[in-house]
Amino acid sequence: MNNFQQIMEQVGMFVDAAGVAVIVLGILVATVRAFLGAPPPGLDRYMAYRQNLGRAILLGLELLVAGDIIKTVAVAPTLQNMAVLGAIVVIRTFLSFSLELEINGRWPWQAKPSG
């Protein structure tokens, strides 16, 4: 069982690292696109940059949450660790919803505007 916990700890750390890498690479790509690329139709350069940054952060947050879940549930499933995980997930979910609202101008559960 100890070997399983070590493997899961490594997997969780890898997923965390992937989340950080996605955020950092997303910032770099969004910045390069903002300076060198043309913004999509209907958006100015600033709004396109914000949307690209928001998407990178959202994806990175999802990976970070996944890494926390793996490490907490598979490695150390104590009541205290589960409570901390719950708080982290609530905070990151709030951040995700806020970013989604900033990127798309609507809540995730609202229908996409037609047209």
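In which helix is the place of threonine 72? Threonine 72 has its place in helix 2, and this residue makes a convenient starting point for a walk through the structure, which is a predicted model. At a relative accessibility of 13%, threonine 72 counts as buried, because buried here means under 20%. When residues up to four places away in sequence are not counted, threonine 72 touches Pro77, Asn81, Met82 and Leu85. One of these partners, Leu85, is itself listed among the buried residues of helix 3.

With that first residue placed, we can turn to the overall plan. The protein contains three helices and zero strands, and its elements, followed from the N terminus on, run α-α-α. Helix 1 covers residues 2-36 and helix 2 covers residues 45-75, while helix 3 covers residues 79-104. The C-alpha atoms fill a box of roughly 55 × 30 × 20 Å when the box is taken along the principal axes. The radius of gyration of the protein is 18 Å, whereas a compact globule of 115 residues would have one near 13 Å. Of the 115 residues in the protein, 27% are buried. The accessible surface comes to about 7,700 Å², and 70% of this surface belongs to carbon and sulfur atoms.

Helix 1 deserves a closer look. It has 35 residues and reaches 50 Å from its first C-alpha to its last, which is close to the 51 Å expected at 1.5 Å a residue. The buried residues of helix 1 are Met8, Gly12, Val15, Asp16, Gly19, Ile23, Gly26, Ala30 and Ala34, and they pack against helix 2. As you read along that list, it helps to keep in mind a general property of helices: an α-helix has 3.6 residues a turn, so residues three or four places apart point the same way. Helix 1 also takes part in the surface, for leucine 28 has its place in this helix and joins Val20, Val24 and Leu25 in making a nonpolar surface patch of about 360 Å².

Where does valine 75 lie? Valine 75 lies in helix 2, and its C-alpha atom is separated by 8.3 Å from that of phenylalanine 4, although the two residues are 71 residues apart along the chain. Leaving aside its neighbours within four places in sequence, valine 75 is in contact with Gln5, Met8, Glu9 and Ile70. Among these partners, Met8 belongs to the buried residues of helix 1.

Helix 3 can be described in a similar way. It has 26 residues and reaches 37 Å from its first C-alpha to its last, close to the 38 Å expected at 1.5 Å a residue. Its buried residues are Leu85, Arg92, Ser96, Leu99 and Ile103, and these pack against helix 2. Leucine 95 is also found in helix 3, but at 39% relative accessibility this residue counts as partly exposed. Leucine 95 and leucine 58 are 37 residues apart in sequence, yet their C-alpha atoms are 8.4 Å apart in space. Just after helix 3, glycine 105 takes a positive phi of about 75°.

What, besides packing, links the helices to one another? Side chains of opposite charge can pair when their charged atoms come close. The structure holds two salt bridges. In one of them, the side chains of aspartate 16 and lysine 71 meet at 2.4 Å, N to O. Aspartate 16 lies in helix 1 and lysine 71 in helix 2, so this pair ties together parts that are 55 residues apart in sequence. Aspartate 16 is buried, with a relative accessible area of 14%.

The other salt bridge joins the side chains of arginine 92 and aspartate 68, at 2.6 Å, N to O. This pair links distant parts of the chain, since arginine 92 is in helix 3 and aspartate 68 is in helix 2, 24 residues apart. Aspartate 68 counts as buried at 13% relative accessibility, and arginine 92 likewise appears among the buried residues of helix 3.

These links between distant parts of the chain can be set beside a figure for the whole protein. Among contacts between residues at least 6 apart in sequence, 66% join residues at least 24 apart. In helix 1 and in helix 3, the buried residues pack against helix 2, and the two salt bridges bring in helix 2 as well, through lysine 71 and through aspartate 68.

Note on methods
Residues numbered from 1 in each chain as written. Predicted model: local features only at pLDDT ≥ 70, side-chain atom pairs only at ≥ 80, totals over all residues. Heavy atoms only, no water. Salt bridge = Lys/Arg side-chain N within 4 Å of Asp/Glu carboxyl O. Helix = DSSP H or I, 4+ residues; strand = E, 2+ residues; numbered from the N terminus. Buried < 20%, exposed > 50% of the residue type's maximum accessible area, 1.4 Å probe, protein only. Patch = residues over 30% accessible without salt bridge, like charges linked within 9 Å, V, L, I, M, F, W, Y side chains within 5 Å. Areas by Shrake-Rupley, 256 points an atom, 1.4 Å probe, with all protein chains shown as cover. Expected span 1.5 Å × (residues − 1). Contact = heavy atoms within 4.5 Å. Rg over C-alpha atoms; globule rule 2.2 N^0.38 Å.
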